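I opened this entry to record what I looked up, one item at a time. The structure goes in first, and my notes follow.

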Amino acid sequence: MVREGHGLDPQAPGRLFHAILLDVDHSPRHVLHPSHSALYQPGGLSALSRHLHGVFALWSNDPPDHDFISLLTNAFQHATAHVVEFPNPLRGGTSTNTIYVAIAGSAGSAPELKV
């Protein structure tokens, strides 16, 4: 929907969203379908940011990817990665995932984000 440029709400083209939360691939470098890879490139991220006036968050199974954080920073006002540790009873012990958080919208300082 982002690639087509019509917007994310077919009933209201051009509608801006306060939050877009995405869990579609294993990580920006390990996509489940080749068609998804454009989202993680500069053009895809810039297109996504145009539909947003708020927060974009992306789950990843991999550790933080500093190259991807740079891409997010170029497309959004502010971007960061948070490592989330959680108990994993299937593997025993704990596991970690990364949540990328990016801010789009009006100019100004980014709010402090806690995950």
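Before starting I wrote down one cut-off: a residue is buried when its relative accessible area is under 20%, exposed when it is over 50%, and partly exposed in between. I also noted that this is a predicted model.

**Entry 1: N88**

I asked whether N88 is buried or exposed. Its relative accessible area is 13%. N88 is buried because 13% is under the 20% cut-off. I then looked up where N88 sits, and found N88 in the loop between β3 (78-87) and β4 (94-103). Leaving out residues up to four places away in sequence, I listed G93, T94 and S95 as the residues that N88 touches.

**Entry 2: D25**

Next I went to D25, which is in the loop between β1 (17-22) and α1. I read a relative accessibility of 3% for D25. That is under 20%, so D25 counts as buried.

What does the side chain of D25 make a polar contact with? I found the side chain of H36, at 2.7 Å. The side chain of D25 also reaches the backbone nitrogen of L32, at 2.8 Å. I checked the list of residues that D25 touches, again not counting those up to four places away in sequence: H30, V31, L32, H33, H36, Y40 and W59. Both polar partners, L32 and H36, are in that list.

**Entry 3: S46**

I placed S46 in helix α1, which covers residues 42-49. The relative accessible area of S46 is 25%. This value lies between 20% and 50%, so S46 is partly exposed. I also looked up S46 against F76: they are 30 residues apart along the chain, and their C-alpha atoms are separated by 7.5 Å.

**Entry 4: the chain**

Last, I looked up values for the chain as a whole. How many helices and strands does the chain have? I counted two helices and four strands. Along the sequence they follow the pattern β-α-β-α-β-β.

The chain has 115 residues, and 35% of them are buried; N88 and D25 are among the buried ones. For the accessible surface of the chain I noted about 7200 Å², with 56% of this belonging to carbon and sulfur atoms. I also looked at the contacts with a separation of 6 or more, and residues 24 or more positions apart account for 60% of them.

Note on methods: Residues numbered from 1 in each chain as written. Predicted model: local features only at pLDDT ≥ 70, side-chain atom pairs only at ≥ 80, totals over all residues. Heavy atoms only, no water. Buried < 20%, exposed > 50% of the residue type's maximum accessible area, 1.4 Å probe, protein only. Contact = heavy atoms within 4.5 Å. Areas by Shrake-Rupley, 256 points an atom, 1.4 Å probe, with all protein chains shown as cover. Polar contact = N/O pair within 3.5 Å; in protein donor to acceptor, adjacent residues only side chain to side chain.
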